[in-house]
Amino acid sequence: RPENPKSTLGLAARRSLFNFAPFSPRNQFAAAFKMSGSGDLRKEPFSLLSAWLSEAFATPMEKEPNAMTIGTATKEGKPSSRFVLLKGYDNDGLCFFTNYNGRKGQELISNPRATLFFYWPTLCREISIDGVVRKLTEKDSSDYFHTRPRGSQIAACISHQSKVIPNRDILLERQKKMEEEYADESKEIPRPDEWGGFLLIPEQLVFTQLKEKAKNQWKFSRIKKIPCPPPDEIDATMNDTSQWTTEI
């Protein structure tokens, strides 16, 4: 079973978000999910989020506990959704990585609001998270990129998302060239400019415990809304327990 992710976060000199870890094995990946402080489950949402993620990771039947649906929309309001993997979180928000030139990335850039949705059927639980989105720093994106398997790094370099190609052979040829160029594993593969991370800063979180005939819900809403687009640094006071209203 994965480790219980209950310790302190940190990347660099500034207050960073994530202690990144490789995707596999599962227990190593679970160790990347860290959170400082236990908090009060009734007053702010992040302690409850941490507790539920920890239980999902500790449940073998939940095969992809960090899988989440992300809903985005164009500026005109046309919606779309797909699955992504949560790669880290703390009291500032939740992060994931993608190609900025794909549909998802372009919609998040032009309309920086999104909804994340977790569903754990074994635990009969779900979480819906609405918030505003900003890009991670280039350093944070590069730091995570270079923890990925080299094959995944190469795949990110050769895949020009949302671009039509004549046939698959073009991709295979690009892959072959890069594998030859970076056969020496001491040679670092540069992160493509169009590949990186996003941070979703929650404005509302709804936790649902499903039951046969009824369900329990906890709804947390920010009193002070986050500017859209959000700032590069989050004011620590915005995550104080006094900045949230709770409905049960």
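**Notebook: Ser-80, salt bridges and cores**

I began at Ser-80, whose side chain makes a polar contact with the side chain of Arg-82 at 2.8 Å. I note early that this is a predicted model. Ser-80 sits in strand E2, which spans residues 79-85. Is Ser-80 buried or exposed? I looked up its relative accessible area and found 12%. The cut-off for buried is under 20%, so Ser-80 counts as buried.

Next I listed what touches Ser-80, leaving aside neighbours within four places in sequence. Ser-80 is in contact with Ile-70, Gly-71 and Thr-72. Arg-103 and Glu-107 are also in contact with Ser-80.

**Entry: Arg-103 and Glu-107**

Those two residues led me on. The side chains of Arg-103 and Glu-107 form a salt bridge, with N and O 3.0 Å apart. Both belong to helix H3, residues 103-110. Why can they pair up along this helix? They are 4 residues apart, which means a separation of about one helical turn. I checked the general rule: an α-helix has 3.6 residues a turn, so residues three or four places apart point the same way. The two ends of the pair have their own accessibility values. Arg-103 is partly exposed at 44%. Glu-107 is buried at 5%.

**Entry: the other salt bridges**

How many salt bridges are there by this rule? I found a count of 4.

One of them joins Lys-139 to Asp-143, with the closest N and O atoms 2.7 Å apart. This pair lies in helix H4, residues 138-145. Again the spacing is 4 residues, about one turn of the helix. Lys-139 is partly exposed at 46%. Asp-143 is partly exposed too, at 28%.

Another joins Arg-125 to Glu-55, with the closest N and O atoms 3.1 Å apart. Here the pair links distant parts of the chain. Arg-125 is in strand E6 and Glu-55 is in helix H2, 70 residues apart. I looked up both accessibilities. Arg-125 is buried at 12%. Glu-55 is partly exposed at 34%.

**Entry: the buried side of H4**

I went back to H4. Which of its residues are buried? I found Asp-140, Ser-141, Tyr-144 and Phe-145. Their arc around the axis is only 135°, so they lie on the same side of H4. I then asked what covers them. The cover includes E4, helix H5 (150-158) and E7.

**Entry: the cores**

The largest nonpolar core has 30 residues. Among those with the most contacts inside it are Leu-49, Leu-94, Phe-118 and Trp-120. Ile-127, Ile-129 and Phe-207 are also on that list.

Which elements each supply at least two residues of this core? I noted helix H2 (45-57) and strands E1 (67-73), E4 (93-99), E5 (113-120), E6 (125-135) and E7 (195-210). The largest share, 7 residues, comes from H2.

I picked Trp-120 for a closer look, again leaving aside neighbours within four places in sequence. Trp-120 is in contact with Trp-52, Leu-53 and Ala-56. Its contacts also include Glu-62, Pro-65, Arg-125 and Ile-127. Arg-125 is familiar here: it is the partner of Glu-55 in a salt bridge.

Last, I found a second, separate core of 17 residues. Cys-95, Phe-145, Tyr-182 and Trp-195 are among its members. Phe-145 had already come up as one of the buried residues of H4.

Methods:
Residues numbered from 1 in each chain as written. Predicted model: local features only at pLDDT ≥ 70, side-chain atom pairs only at ≥ 80, totals over all residues. Heavy atoms only, no water. Core = buried A, V, L, I, M, F, W, Y, C linked by side-chain atoms within 4.5 Å. Buried < 20%, exposed > 50% of the residue type's maximum accessible area, 1.4 Å probe, protein only. Contact = heavy atoms within 4.5 Å. Arc of directions from axis to C-beta. Polar contact = N/O pair within 3.5 Å; in protein donor to acceptor, adjacent residues only side chain to side chain.
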